[in-house]
Amino acid sequence: VDYGFAVSSATTGLHLSLVALGVGPGDEVVIPDFSFPATANVVEQLGAVPIFVDIVPETYNLNPTHLDAAITAKTKVIMPVHAFGLAADMKAIRAIATSWGIPILEDAACALGATVDGAHAGSLGNVGVFSFHPRKIITTGEGGMITTNDHELAKRIGVLRSHGGIRGELYMDFVEAGFNYRLSDVHAAIGLAQMSKIGKITARRKILAQQFCRLLGDIDEVKVPEVPPGSDHAFQSFVVSLSPEVDRDQVIREMKALGIEATLGTYALHLQPYFRAKYGLRDSQFPCATFAHRHALTLPLYPQLRVRDLTRVANALRISLNRSRLVRSI
């Protein structure tokens, strides 16, 4: 892209981008229901309203077929999330956004290196935001990046990121009530070292994910990640879906007892107490996100793993599934 702005976190990057796009009290921002709460929190913090949309179960991404029904005269931004490193169906989302004249903010926190038809996540909408949190593809300890090809939007982001100031010959003129959302020099130095390895890191993740899929392919209760044609998955997380009859949380407990850390995929936001109480949301409105919240399982995946490590995780998952069956039968 033409412009990139290092920021203190992906959350501050999303908040700053929404401000730069003109989102304010009473506006609506369309987001997927299945995401980390920061996606919705930044909308709330501006006094705007998050409009939740169900997901495609195979990809965990926003379902474009529900998008038109979610858009109103108050819709200011559409914010798809590229779940776990797989870009959303941006061709369909862009077509709808264009027909309504609504800008797209990509929550690409997990998707550094992901592509669709050769185009990188973060360049598929009007503006994109990446995360450099320790769990992401690369890390700066904590941090993020805003990307855009929009010159006017870039100018506003640059001003808002640094206290609303424009540098003159001798000092600053403050033209906006801006933020201190810059990345520190120390964090930036770490990021530069990480970026020099980005090709090896992403290639290694993809190789490991392919091997993981082979190791898990014969387990009936486990559905491995799907990658749509034309998409390149970055595999920031390796997330499988367990069968409806499986108690995912019990599997997590059993794997922990075997020395393997696993966790849920991410959160169905309508199930979180704050959003459920404020907006009166129901499970029936988001059946796919509800299922993913209860049955998606994140398994360990990072470049230092070897095939023997993946085999150990796969075997632990088999044992844990058997143990969870025994627990249910008692």
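The exercises below concern the pockets and cavities of a predicted model.

**Exercise 1. Describe the largest pocket by its volume, its central residues and the elements that line it.**

Solution.
Step 1. Begin with the volume: the largest pocket holds about 600 Å³ of space.
Step 2. Turn to the residues around that space. The lining comprises 29 residues, of which Phe36, Cys110, Arg135, Lys136 and Thr266 lie closest to the pocket centre.
Step 3. Assign the lining to secondary structure. At least two lining residues come from each of α1 (10–20), α2 (38–45) and β15 (263–264). The largest share belongs to α1, with 3 residues.
Step 4. Sort the lining by class: 13 residues are nonpolar, 12 are polar and 4 are charged.

**Exercise 2. Carry out the corresponding analysis for the second largest pocket.**

Solution.
Step 1. The volume of the second largest pocket is about 460 Å³.
Step 2. This pocket is lined by 27 residues, and those closest to its centre are Leu299, Pro300, Leu301, Tyr302 and Leu305.
Step 3. Two or more lining residues are given by each of α7 (198–216), β16 (296–299) and α11 (307–329). Among the contributions to this lining, that of α11 is the largest share, at 3 residues.
Step 4. The class count for the second largest pocket is 13 nonpolar, 7 polar and 7 charged residues.

**Exercise 3. Determine how many cavities of 30 Å³ or more the structure contains, and characterise the largest cavity.**

Solution.
Step 1. A search of the whole structure with the cut-off of 30 Å³ or more returns 2 cavities.
Step 2. The largest cavity encloses about 80 Å³. Of its 13 lining residues, Tyr60, Phe84, Pro225, His233 and Val239 are the closest to the centre.
Step 3. The lining of the largest cavity divides into 8 nonpolar, 3 polar and 2 charged residues.

**Exercise 4. Identify the residues that line the second largest cavity, and find which of them are also among the residues closest to the centre of the largest cavity.**

Solution.
Step 1. The second largest cavity has a volume of about 50 Å³.
Step 2. List its lining: Pro57, Glu58, Tyr60, Lys223, Val224, Pro225, Glu226, Val240 and Ser241.
Step 3. Classify these residues: 5 are nonpolar, 1 is polar and 3 are charged.
Step 4. Compare the names with those from Exercise 3. Tyr60 and Pro225 line the second largest cavity, and Tyr60 and Pro225 also appear among the residues closest to the centre of the largest cavity.

Methods:
Residues numbered from 1 in each chain as written. Predicted model: local features only at pLDDT ≥ 70, side-chain atom pairs only at ≥ 80, totals over all residues. Heavy atoms only, no water. 1 Å grid on protein atoms, 1.4 Å probe; cavity = no way out; pocket = protein on both sides within 12 Å on 5 of 7 lines; lining within 4 Å. Points joined across faces, edges and corners; volume = space filled by probe spheres on them. Helix = DSSP H or I, 4+ residues; strand = E, 2+ residues; numbered from the N terminus. Nonpolar A, V, L, I, M, F, W, Y, C, P; charged D, E, K, R; others polar.
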